[in-house]
Amino acid sequence: MLDGQSWPYLESGVWVFITLIAYMCALYIFRVSKNNLMFHPIIIAALMVAGLCIASNTSFADYALYSSPMGWLLGPITVALAVPVYQQLQYLIAAGWRGFWVVLCGGMLAPVFTILIMSLGEFSTDIKLSSLTKSITTPLAIDTANLIGGVPELAAAIVIITGLMGVLLSRLIFKITHNNDQRAQGLALGTIAHAIGTSHALQLSQKTGVYSSMALCVNGLVTAIVLPLFFYFFGA
Amino acid sequence: MLKLTLSCVALLLSWIAGYGLSLIIALPPALLGLFVLFAVLTFLGHVPEALFDLCQFLLRHFSLFFIPPIIAAWVYVKTLQQELWLFLLAILLSTFLSMLITSWLGRRFLPEDKSQDKANTESDNNA
């Protein structure tokens, strides 16, 4: 840790570089595995970096500090989401109010179910708060969790676990609900499994991908607006 | 190159504007920045090509920036100890239930698809 020392430029540069290389290797492995979800770039790259941390005797907390310059870029990059949101507007209009309500219901149910199940155990408040943003895209989840008093890092991990689980469960769920409508499949994937669900939806079909992307935008925006305002006014 | 630089500046300025707004409105700065850029795009009436290419590239490789938070999250996950299984079960069950209901609601309530382009579940599942 820093303790008043100057910023560790060398360590920081080295670990950012290692993260970049690990990500590029993970992308290659994902492509070679024919986009098998078990080899998702985030999982593989995180395992590689974690392995290197252990091998070099660097604690995970130190790694988080060294790699923090990457976090500074997250804000401006999140702003880039404005482009897909702008482009999805016509699909939101096509899906109408009904599509909007479907996304809204799904987006509301996800955190409600999590809190209900978590109330069975003795979880600390910050863990519960961090799980409220589980179905929205990671950059918005990090910011929102921060505002409502959750742990941004934990929120990011929960979002990614949710995305992976959502995609793995989607085939079974579409079978149970006899859902063979590309638009409805896209809405479910985008609402619950956010960006990871959307990249899977794009593999299914263009239309599924478009609706998933629209649901991801709507749920992300609504949750990121409603949650902080709710906590601001009700101080929960 | 100039257009690319301008696109980067546009993103950065939108974020700074969002950050400024977040001092007045209790919303995430990045979300407010997103609204600023959205308003600019609505005003322009289209997405400039260089900005589109830049945003597509950044969003495609978004995952890179989530590697540090994932590693940092492990520090918190370790503190869960015997509650870890319930924690994972809560995420699994809530994901399953909420997606099941969203899928059902979507199939049941979406307006008729005018293009009549239904999915072929068999071939989709192989994708």
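This dialogue reads chain A first, then its contact with chain B.

Reader: What kind of model is this?
Author: It is a predicted model.

Reader: How many helices and strands does chain A have?
Author: Count the elements first. Chain A has 10 helices and 0 strands. Read from the N terminus, the order is α-α-α-α-α-α-α-α-α-α.

Reader: Why does the radius of gyration of chain A agree with a compact globule?
Author: Start from the chain length. A compact globule of 236 residues would have a radius of gyration near 18 Å. Chain A has 19 Å, so the two agree. For the outline, take the box along the principal axes: the C-alpha atoms fill roughly 55 × 50 × 35 Å.

Reader: What share of chain A is buried?
Author: Burial is judged by counting neighbours: 20 or more other C-beta atoms within 10 Å make a residue buried. In chain A, 55% of the 236 residues pass.

Reader: What share of the contacts in chain A join residues at least 24 apart?
Author: Look at contacts between residues at least 6 apart in sequence. Of these, 59% join residues at least 24 apart.

Reader: How many residues does each chain bring to the contact?
Author: Count each side separately. Chain A brings 96 residues and chain B brings 70.

Reader: Which element gives the largest share of the side of chain B that touches chain A?
Author: That is α5(B), with 21 residues. Several helices of chain B supply at least two residues each, among them α1 (2-22), α2 (29-44) and α5 (84-109).

Reader: How do the residues on that side of chain B divide?
Author: Sort them by type. The side of chain B that touches chain A has 52 nonpolar, 12 polar and 6 charged residues.

Notes. Residues numbered from 1 in each chain as written. Chains lettered and ligands numbered in written order. Predicted model: local features only at pLDDT ≥ 70, side-chain atom pairs only at ≥ 80, totals over all residues. Helix = DSSP H or I, 4+ residues; strand = E, 2+ residues; numbered from the N terminus. Rg over C-alpha atoms; globule rule 2.2 N^0.38 Å. Buried ≥ 20, exposed ≤ 12 C-beta atoms within 10 Å, placed from the backbone. Contact = placed C-beta atoms within 7 Å. Nonpolar A, V, L, I, M, F, W, Y, C, P; charged D, E, K, R; others polar.
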